[in-house]
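Biologist: I would like to go through this model feature by feature, beginning with a strand and then turning to the ligand and the backbone.

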Amino acid sequence: MADYKPGIIEPKWQKYWAAHDLDRSEKDPSRPKYYVLEMFPYPSGKLHMGHMRVYSIGDVLARYLRMKGYNVLHPMGWDAFGLPAENAAITNKVNPAEWVAHNIEQMKEQQNSLGISYDWSREITTSLPDYYRWTQWLFLLFYKRGLAYRKKSSINWCPECLTVLANEQVEGGLCWRCACEVETRELEQWFLRITDYADRLLEDLDLLEDWPERVKVMQQNWIGRSEGTEIVFPLKEFPGESVKVFTTRPDTLYGVTYMVLAPEHPLVNHLVEGTSRETEIKSFVKKMKQKTEIERTSAETEKIGLFTGRSALNPVNGEEVPILVGNYVLMGYGTGAVMGVPAHDQRDFLFARKYGLPVKVVITPRETVLGPDMEEAFEDPGYLINSGPFDGLFYEDAQEKITLFLAEKGMGGFKTSYRLRDWLISRQRYWGAPIPVIYCEKCGVLPLREEDLPVLLPEDVELSGDRVPSLSHYPSFVDTECYRCGGKARRETDTLDTFMCSSWYFLRYADPRNGEAAFSPGEANYWMPVDQYIGGIEHAVMHLLYARFFTKVLHDAGLCEAVEPFKRLLAQGMVYKDGFKMSKSKGNVVTPDEIIEKYGADTGRMFILFASPPERDLEWSDRGAEGCYRFLRRVWRLIDQYGTPAHPDTGSVLPGKEESDLHHAVHSTIKKVTDDIGARFSFNTAISAIMELVNSTYDYLRKKESLSPIENIYREGLTEALETIVILLSPFAPHLAEECWGKLGYTDSVHLQSWPVHDRDSLRVDEVEIVVQVNGKLRAKLMVSAEHSKEELVEAACAEEKIRPYIDGKEIVRTIAVPGKLVNLVVK
Ligand code: ANZ
Ligand code: ZN
């Protein structure tokens with residue numbers, strides 16, 4: 001009897017699959033397509049368990065769907081630009097391009113040793129000119145469509161990484177990468193006008209039925225649409241001039257007792273110029289500009305205000321309100337100015353108490369009248385008082401009436417504000433795609449022409465200091481000629497944010513070797529959208545939002561039919577060990593290499609998929625891995641012993657009760673595994689179903705063997721069981737399954753087999769149809785096991801898709817279950 005030796009069979013089959021191009025995919029309109037995509041990695045050089053988990057999930061799907069008859073696209077590539085490569089290059093004194101190339105080779109080898117079925121003919125690397133020329137081309141496309149622009153702006157600057165960070169890259173005032181404190185600076189920067197797409201990015205979340213709700217909520221909050229009113233307050237000391245505020249509570253306009261401007265508000269200087277407060281205010285403004293928004297607005301930060309000595313006039317009653325400058329008002333939101341209503345906003349209430357500003361009640365619940373001794377703001381719904389002609393109105397009606405009144409007087413109107421800002425894409429770093437723009441002494445800012453692409457990164461970089469100098473240090477790169485006037489020009493030396501590279505890579509996979517275009521619409525439209533995208537929750541906002549934005553712009557440009565890039569999204573959980581996230585600093589890392597070495601890739605894949613559903617966190621356990629290894633060995637022995645033709649084949653026995661039980665086990669397993677993988681990604685339960693089938697098969701053999709002679713075996717039934725086990729196992733343990741398939745006498749690949757279909761008749765024996773009623777009305781019929789208990793019947797009824805809409809969000813007050821007949825759910 002041969003031993004299970006993954007160290008020998010795994011490399012053997014990996015070579016075989018590669019030599020036979022088993023995972024190649026071509027456009028084929030005659031077959032339904034399925035695009036499975038795992039987020040491409042940054043080429044750090046080493047795969048970790050998190051990688052192994054995502055790839056295992058993607059690979060099970062890809063292999064399963066191929067066997068189901070889909071034309072599957074399952075590509076892999078490298079998100080290779082960015083800071084880590086640059087830093088590693090400095091540390092190791094190697095060129096970033098070389099470092100990246102070397103790491104890619106290593107990681108690819110590791111991926112292959114896991115038996116992941118990628119179509120390597122479609123591999124892409126974002127730092128190679130054949131890719132980044134199209135990233136540059138896309139920048140030009142955005143520019144032509146008015147979606148890329150340059151402006152001077154105060155930006156988040158990381159003093160450690162020496163680069164600009166997008167707002168999304170600042171977490172709690174700290175750089176997301178190096179966790180050092182972020183500063184604010186003024187620089188000319190390139191932006192993409194993502195705010196033009198805010199509404200569509202928000203509304204189209206509704207199209208994404210198969211995205212996790214929490215990811216959609218995160219995107220929603222990030223976009224942050226808010227409907228309110230803009231109100232114009234004339235300035236008392238400067239007739240003809242005014243300041244605008246954005247508010248969601250125009251109904252409280254009569255309760256305004258002060259106004260606060262953001263430190264960066266353009267009016268601040270003007271208001272205090274030449275007054276006694278000038279110095280104090282200017283130094284406050286300067287100090288505030290050095291802090292990040294997050295710091296300034298966090299709940300713990302004390303709200304500070306300084307009086308300017310100037311006043312504004314309330315447009316509805318002409319009342320004078322003092323103007324302050326405050327740390328908590330942000331220039332980037334609304335208009336950068338707020339009206340203070342201490343009686344109805346708790347933040348304003350605390351602020352007013354602190355600075356001795358009056359509190360004026362204008363909203364009251366019907367019965368009570370709130371007095372001046374109130375202890376907190378009244379933020380609830382109510383009716384207007386002290387509000388002139390609007391007294392007595394319910395607050396919501398007042399919001400509309402007051403806004404219309406203001407609009408009529410030309411003093412305001414309805415307004416929608418967004419939290420989302422335009423996307424800052426320039427980085428002052430070497431290792432990125434150069435922004436394809438030149439500055440001519442005569443002609444000014446000029447985007448390059450398509451034929452000038454790619455703008456190549458210079459390769460002879462200096463690796464002496466503590467960072468690779470930015471492109472501005474390479475005169476041979478900077479100095480150029482203007483294509484329009486032939487005069488002297490200078491190249492843009494900023495590079496593109498790497499999130500731009502990853503915002504369209506899924507389209508490039510559709511047509512990766514195209515030298516004439518980023519991709520051809522024919523290929524893209526066949527493969528897109530990605531049917532299943534798999535990756536970490538850390539990309540819930542930035543990457544996914546940017547990719548959605550790019551897809552919409554490309555759609556508008558007529559280059560792709562899809563309006564959303566990712567039909568279905570799976571955010572996989574984290575990998576833990578001993579209760580902590582696996583990390584070098586915790587010293588609890590288990591590497592894929594160790595696992596392959598010890599048990600083989602198949603065991604590693606099985607354990608990862610068996611230990612926890614994909615969205616949940618996974619706790620690594622050596623015992624669990626050991627268990628999976630033992631299971632695979634058990635399968636191996638089963639096939640080795642009974643699958644080989646060496647075993648006496650009688651073929652003469654007729655099927656009896658045992659045989660029909662085994663047949664039944666085979667088909668109910670097929671059904672369960674198919675449902676679990678295909679409909680629910682419930683890989684762990686699929687694996688345990690296969691384990692049970694292996695047990696049932698051993699049970700059958702044991703019973704038969706006890707009735708020696710062993711010729712009692714019904715060969716046909718046993719073969720069916722063994723083949724089914726091998727095929728069902730093949731997406732999970734592809735190498736072992738391939739080897740076993742050979743032992744069963746086949747010469748083709750198990751991965752080219754069709755996925756089995758369960759035999760309905762064999763299951764019907766003990767399945768019965770029941771009707772499900774909700775409040776006495778027939779809503780569905782379903783097939784259930786005849787042995788279901790009352791509880792199981794109710795459970796099955798509640799889980800039925802057709803029933804869900806009738807019970808979701810309702811309370812089930814009573815259930816009636818009659819086995820073999822019906823379930824009635826009484827809901828309220
Ligand atoms: C007066 C008022 C009275 C407000 C009241 C609220 C309650 P959302 O819903 O998030 O859009 N605000 C406006 N611009 C601001 C800025 N740049 N920095 C800080 N705060 C700002 O919030 C809108 C509310 O946030 C606005 O409505 C404004 O305060 C404040 F009883 O105006 B409100
Ligand atoms: Zn010129």
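Modeller: Let us begin with burial: a residue is called buried under 20% relative accessible area, exposed over 50%, and partly exposed in between, using a 1.4 Å probe and protein chains only. Strands (E, at least two residues) and helices (H or I, at least four) are DSSP runs, numbered from the N terminus. This is a predicted model, in which local features need pLDDT of at least 70 and side-chain atom pairs count only at pLDDT 80 or more, while totals for chains, interfaces and linings use all residues. Residues are numbered from 1 along each chain as its sequence is written, chains are lettered from A and ligands numbered from 1 in the order in which they are written, and side-chain values use heavy atoms, with hydrogens and water left out.

Biologist: Which residues are buried on the two sides of strand β27?

Modeller: In β27, residues 569–572, Leu569 and Ala571 are buried on one side, and Leu570 and Gln572 are buried on the other.

Biologist: How many bridges join β26 to β27, and do the strands run parallel or antiparallel?

Modeller: Two strands pair if DSSP finds at least two bridges between them; here β26 (residues 532–536) runs parallel to β27, with 4 bridges, and Ile534 stands opposite Leu570. Between these strands the chain passes through helix α17 (residues 542–556) in a right-handed β-α-β crossover, a term meaning that, with the strands pointing away from the viewer, the path from the first strand over the helix to the second runs clockwise.

Biologist: What polar contacts does ligand 1 make through its oxygen and nitrogen atoms?

Modeller: A polar contact here is a pair of N or O atoms within 3.5 Å. An oxygen atom of ligand 1 is 2.5 Å from an N or O atom in the side chain of Ser226, an oxygen atom of the ligand is 3.1 Å from a polar backbone atom of Thr248, and a nitrogen atom is 3.2 Å from an N or O atom in the side chain of Arg347.

Biologist: Where are the unusual backbone geometries?

Modeller: Most residues other than glycine have a negative phi, and most peptide bonds are trans. The bond joining Leu453 and Pro454 is cis, with omega about -5°, and Pro454 is found in the loop between β22 (444–447) and α13 (475–478). Asp578 has a positive phi of about 50° and counts as exposed at 53% relative accessibility, whereas Phe681, with phi near 55°, counts as buried at 6%.

How values were computed. Polar contact = N/O pair within 3.5 Å; in protein donor to acceptor, adjacent residues only side chain to side chain.
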